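Q: Please pick one spot in this structure and look at it closely. Then lead me outward from there, step by step. Short sentences, please.

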Amino acid sequence: MSVAAYCIFCYRQIGTSGPATKTHLPWNDIRKIAKVTGSLILGGFVFITYEVLSLKKLLQIDTQAIHQEKLKSYVYIRTTSVNPSDYQGITYHARKEIHKAVRKILETEAKIFRRPFSEQFSTFDGEDHECALWLLLKRSQSEDKEVRLQAVQDLANNSHWHDYQYGTVAQTCDQRTAIGLARSKDIDLRFFLPPPPLPKIKNDYPIEDELRLLLVSLPQTGLDPCVQYFTSLALRESSQTLAAQRGGLWCFGGNGLPYCETLSKIPSETVELFCLQALVQHSKVSSHCDKIEAKGGLQLLQRIYQLRKDSAKIQRNIIRIIGNMALDERLHSSIVRAGWVSVLAEVMKSPHVIQSSHASRALANLDRDTVKEKYPDGVYVLHPQYRSSQPIRADILFVHGLLGAAFKTWRQQDIDRRLDKKASEGEEDYSQCWPKTWLASDCPALRIISVEYDTHLSDWKAKCPVEAHRKSIAYRSNELLDKLRAAGIGDRPLVWVSHSMGGLLVKKMLVDASKNPEMDKIVNNTRGIIFYSVPHHGSQLAEYSINARYLLFPSVEVKELSKDSPALKELNDDFLSFAKDKKFSVLSFAETLPTHIGSMIKLHVVPLESARIGDLIPVDVNHLNICKPKKKDAFLYQRTLKFIQDVLAQEIGD
């Protein structure tokens, strides 16, 4: 109406502007009228079109949000601020309206001329940090891998956002981005949604019963003997717990719970641990992982994890199961939906190296964007545990010995507060695992891996006593070689670091690999070996154990360490024959002090003559501390570091 009125006014003004000398209007006046009316009509059309599109946008239902709501139980609602300073007045709102109009014009122009609409204008009317958020989210889903990885890194580097912005990323990012964020150093945990709420269970229905039902649902025939053993053990213990709840005393020994209890003190946590140890064995079998997922095992494990926050051992076993299941890429989406990414991201921040390394392994197996290797059960990456732009030039592999472990064997020497007050004052700098802290900082271009396998002095405490041959060096060599090849060992230059019986295992693996064409890479890329008190010619510990065989029942691995062991002599001869044609260096450290075994026995576990291969360096420590430097500037660590830097000089430089 206003446009029409203005046109009439213009006509009347032109008509009364002077005496009419002619019966028709001059062409100049017609052009003037056409310009005025044309601009008004075009402006009115643009304005009406903008209003219609704005109204349509307001009334449009976001079907994608509805679809997401079906999958998630969370909706993050941004609350309106009551702070007057958050509203910048009419100028601010006018600028936003102009931005919207410009965006519409640019979109229309792109459609008319069939040109791609630049993504930098897609959120033209938003705040700078809002635009950055959505642009990064869009790029994190790009088909270009470099663009995608850079976007995830840029997201992870943001620490100035509001809570709702982190919540926006948590709800809108895809699975690949969430995993990448979890593997970013110093990540803000607000990037992750908490695990979804689980349905309530009856108070009279204990968790161990659910675990028992899950175990019963898994295949029970045609299994590895150790899997069968752990499963039957867990089912027996949980069955006796159930019987105890119904009445009567329960008491049993052997490899079960080692005590009798009354009905009022049923150790459900211990029974859960037995069941989880059985699930760890099942999770090593790919087809069983499918069954665990199909039976709701991921959600059940999540419930136990949340309930047992005070039990590091239970939580560690659960994360170990998740890490094993993550080896199967088909289960990745199920693991993410069950809320495990946020849990793993939190555990990665744990100050305890064992907990964080288990979480690191699970996330590395989930991250198929930057990690091409897979880490089977018992293979742990100590460095790098996060995504990094630092290229990996070489690998260092740590192999522990008898009664050792992937982490505790390589800790800093324990501090005796009574004898060393200065050392105890600096206890906060104590390293739980010096390869992870000291070596990683001195040689950041290395990938540092530690392996773990079960060993025992006596068969009294064997975890899986059903097959003795599994504990032999030959069996373990084949098993570890397969795992190490899956982890990419042999693809880069390699240095082996071993303690005690671990050195014999390293020699056996190299000898076996030299006979297998598929393992040639491991042999050809070996640059050096470090032996910490390795009994190449036998150990006095084996002699003592065998002499007391009727009391100690020495295990297979101890028997193999005896001086008259044919297997040990054959292994040493084969290794020396194999090594003389190879161009790798060997450094050996030997203990000079006896080791206390119990309160009454002192043994020189590995004599100097038994540890002699390559360059031999005697050190005034006992067998347990030969691989545990007192501090970073101690001779033991510095000589180890120099050897690694020398043999890998070409790869890592200075």
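A: Start at Asn572, which sits in helix H26, residues 566–579. Keep in mind that this is a predicted model. Is Asn572 buried or exposed? Its relative accessible area is 6%. The cut-off for buried is under 20%, so Asn572 counts as buried.

Now look at its contacts. Leaving out residues up to four places away in sequence, Asn572 touches Lys507, His536, His537 and Ile613. Val511 is worth finding too. It is 61 residues from Asn572 along the chain, yet their C-alpha atoms are separated by 9.9 Å.

Next, the sheet. Seven strands form an open sheet, and the pairing is mixed. The order is E3-E5-E4-E6-E7-E8-E11. Which strands are at the edges? They are E3 and E11 (615–619), and each pairs on one side only. From one strand to the next, the twist averages 20 degrees.

Take the E3 edge in detail. E3 pairs with E5, residues 446–451, in the antiparallel sense. Four bridges join the two strands. One residue to find here is His383, whose bridge partner in E5 is Ile448.

Two helices meet this sheet. H19, residues 434–442, lies across E3, E4, E5 and E7 (526–532). H19 runs at about 155 degrees to E4. H27, residues 635–647, also packs on the sheet. It touches E4, E5, E6, E7, E8 (585–591) and E11. The direction of H27 makes about 170 degrees with that of E8.

Now the loops. Go back to His383. The peptide bond from His383 to Pro384 is cis, with omega near -5 degrees. Pro384 belongs to the loop between E3 (379–383) and E4 (394–399).

Past E4 comes another loop, which leads to H18 (421–425). His400 is in this loop. How accessible is His400? Its relative accessibility is 0%, so His400 counts as buried. Set aside its neighbours within four places in sequence. His400 is then in contact with Ala405, Ala406, Thr409, Trp410, Val451, Glu452, Tyr453, His499 and Gly502.

Leu403 is in the loop between E4 and H18 as well. It has a positive phi of about 65 degrees, although it is not a glycine. Is Leu403 buried or partly exposed? Its relative accessibility is 42%, so Leu403 counts as partly exposed.

Ser500 is another residue with a positive phi, near 55 degrees, and it is not a glycine either. Find Ser500 in the loop between E6 (494–499) and H21 (501–514). At 6% relative accessibility, Ser500 counts as buried.

Now move to the cores. The largest nonpolar core holds 65 residues. Which of them touch the most other members? They are Val169, Leu181, Leu279, Ile335 and Trp340. Helix H11, residues 268–282, gives the largest share of this core, with eight residues. Another core lies apart from this one. It has 48 residues, among them Leu480, Met501, Met519 and Val523.

Zoom in on Val169. Not counting residues up to four places away in sequence, it touches Leu133, Leu137, Leu155, Trp161, Leu181 and Phe191.

Leu181 leads on to helix H8, residues 175–182. Six of the eight residues of H8 are buried, so this helix is mostly covered. The buried ones are Thr177, Ala178, Ile179, Gly180, Leu181 and Ala182. What covers them? The cover includes H6 (145–157), H7 (163–172), H15 (332–337), H16 (340–347) and H17 (353–366).

Finish with H11. Why is it described as largely enclosed by the rest of the structure? The reason is that 11 of its 15 residues are buried. They are Val271, Glu272, Leu273, Phe274, Cys275, Leu276, Ala278, Leu279, Val280, Gln281 and His282. Check the length of H11 as well. At 1.5 Å a residue, its 15 residues should span 21 Å. The expected span uses one less than the number of residues. The end C-alpha atoms of H11 are 21 Å apart, which agrees.

Technical notes. Residues numbered from 1 in each chain as written. Predicted model: local features only at pLDDT ≥ 70, side-chain atom pairs only at ≥ 80, totals over all residues. Heavy atoms only, no water. Core = buried A, V, L, I, M, F, W, Y, C linked by side-chain atoms within 4.5 Å. Buried < 20%, exposed > 50% of the residue type's maximum accessible area, 1.4 Å probe, protein only. Contact = heavy atoms within 4.5 Å. Pairing = 2+ DSSP bridges. Axes fitted to C-alpha atoms, helices over the stretch in contact; angles between N-to-C directions.
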